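This report covers the pockets and the cavity of one model, together with a helix that contributes to their linings.

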Amino acid sequence: MISPDADPSKATRTSVRTVIVPAAGMGTRFLPATKTVPKELLPVVDTPGIEMIAEEAAAAGATRLAVVTAPHKEGVLGHFRPRPDLEETLRERGKDAIADKVNRACEVITVAPVVQERPLGLGHAVLVAEELLDADEDAVAVMLPDDLVLPRGVMDRMAEVRARFGGSVLCALELPREEVSSYGVFDIADCAEEGFADVKRVRGMVEKPEPAEAPSNFAAVGRYLLDRAVFDALRAIPRGKGGEYQLTDAIEALIEDGHPVHVVVHDGFRHDLGNPGGFIRACVDFGLAAPEYGPGLRRYLQARLAEDDTAAARDDGSGRGA
């Protein structure tokens with residue numbers, strides 16, 4: 001297991017200033033919990049997923065987090081606003097460490113809000129954030145808050161690849177072929193240049209293909225470093241699957257126009273915070289890594305699994321388990 005606390009400061013920092021975080025979704029798979037609490041604020045142990053994204057963006061050198069929300073999701077932005085009354089109460093009670101954690105989200109990076117009035121897909125969410133970019137920004141990063149890509153720091157490697165090859169750079173994971181139908185999948189060619197063994201050139205992308213029809217088993221995960229030309233592509237594409245504007249379609253259009261696109265094949269893994277099963281696994285991993293919770297959680301899990309093994313053996317009647 002790769003530690004979720006791997007130090008991203010050891011990598012070269014990217015010059016990208018703005019990171020777009022699409023956070024306008026309804027959190028359907030977490031209902032009824034997300035009826036009033038935005039999915040992005042559900043805590044992985046004690047830290048909301050979107051705060052982890054903010055910390056990753058700041059560690060990569062970004063100075064602005066463009067958070068794309070829906071009209072009913074004001075709470076996401078509220079997490080990044082100061083609560084001086086709460087901080088004062090905590091400090092009066094001698095809970096300085098907790099007060100520091102409460103205030104951390106307000107200090108880590110500047111948050112700029114933008115509202116996506118209608119749920120028209122990831123591509124549309126990226127497009128509405130263009131208004132927040134400065135005129136001289138020639139690239140923008142996109143980090144999906146559902147995806148914890150570990151160990152942290154892949155954006156730094158993606159920036160190195162963009163500096164060498166230009167264009168846009170995405171993050172990929174190599175998955176079992178039977179799992180690719182939930183992802184955008186790359187049609188790729190090897191990159192023979194020395195020092196870039198983890199890089200592949202992208203010839204095309206397919207959104208959520210059937211496993212037998214997928215061009216590879218290299219799938220896109222939620223980290224993108226996009227040339228600013230992507231906004232022109234997003235304005236030009238028609239609606240795709242589900243009547244939404246797909247970021248995948250815009251990237252495919254860039255490739256067709258000769259725009260260089262590469263992927264960094266990340267030597268790590270991804271926690272999917274967008275569904276309860278993935279969220280639970282992330283909580284377990286981060287809980288095990290937390291000094292205050294890890295030892296007790298590990299003992300509990302070992303004992304609990306041993307109970308299950310004993311019960312399975314008893315039910316099988318053989319004393320050896322099912």
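A pocket is here an open set of grid points with protein on both sides within 12 Å along at least five of seven lines, and its lining residues are those with an atom within 4 Å of a point. The model is predicted.

**Largest pocket**

The volume of the largest pocket is about 1,300 Å³. Its lining is made up of 45 residues, and those nearest the centre are Arg-29, Leu-122, Leu-144, Asp-146 and Lys-208. Two or more lining residues are given by each of helix H5 (122–128), strand S10 (199–207), strand S11 (218–227), helix H8 (247–256) and strand S13 (269–272). Strand S11 supplies the largest share, with four residues.

**Second largest pocket**

The second largest pocket holds about 650 Å³ of space. It is lined by 28 residues, of which Asp-46, Thr-47, Pro-48, Glu-51 and Lys-101 are the closest to its centre. Strand S3 (47–48), helix H1 (49–59), helix H3 (84–92), helix H4 (96–107) and helix H9 (276–289) each give two or more residues to this lining. The largest share comes from H4, with six residues.

**Cavity**

How many cavities of 30 Å³ or more are there? The count comes to one. The largest cavity has a volume of about 60 Å³. Its lining consists of Lys-39, Glu-40, Leu-42, Gly-49, Ile-50, Pro-145, Asp-146, Leu-273 and Phe-279. Asp-146 is also among the residues nearest the centre of the largest pocket.

**Lining composition**

The table sets out the residue classes for each lining.

| Site | Nonpolar | Polar | Charged |
|---|---|---|---|
| Largest pocket | 18 residues | 14 residues | 13 residues |
| Second largest pocket | 13 residues | four residues | eleven residues |
| Largest cavity | five residues | one residue | three residues |

**Helix H1**

Helix H1 (49–59) is one of the elements that line the second largest pocket. Gly-49 and Ile-50, which line the largest cavity, are both buried residues of H1. Also buried in this helix are Glu-51, Met-52, Ile-53, Ala-54, Glu-56, Ala-57, Ala-58 and Ala-59. Of these, Glu-51 is among the residues closest to the centre of the second largest pocket. Buried means under 20% relative accessible area. Because ten of its eleven residues are buried, H1 is largely enclosed by the rest of the structure. After H1 comes Gly-61, with a positive phi near 100°.

Conventions: Residues numbered from 1 in each chain as written. Predicted model: local features only at pLDDT ≥ 70, side-chain atom pairs only at ≥ 80, totals over all residues. Heavy atoms only, no water. 1 Å grid on protein atoms, 1.4 Å probe; cavity = no way out; pocket = protein on both sides within 12 Å on 5 of 7 lines; lining within 4 Å. Points joined across faces, edges and corners; volume = space filled by probe spheres on them. Nonpolar A, V, L, I, M, F, W, Y, C, P; charged D, E, K, R; others polar. Buried < 20%, exposed > 50% of the residue type's maximum accessible area, 1.4 Å probe, protein only.
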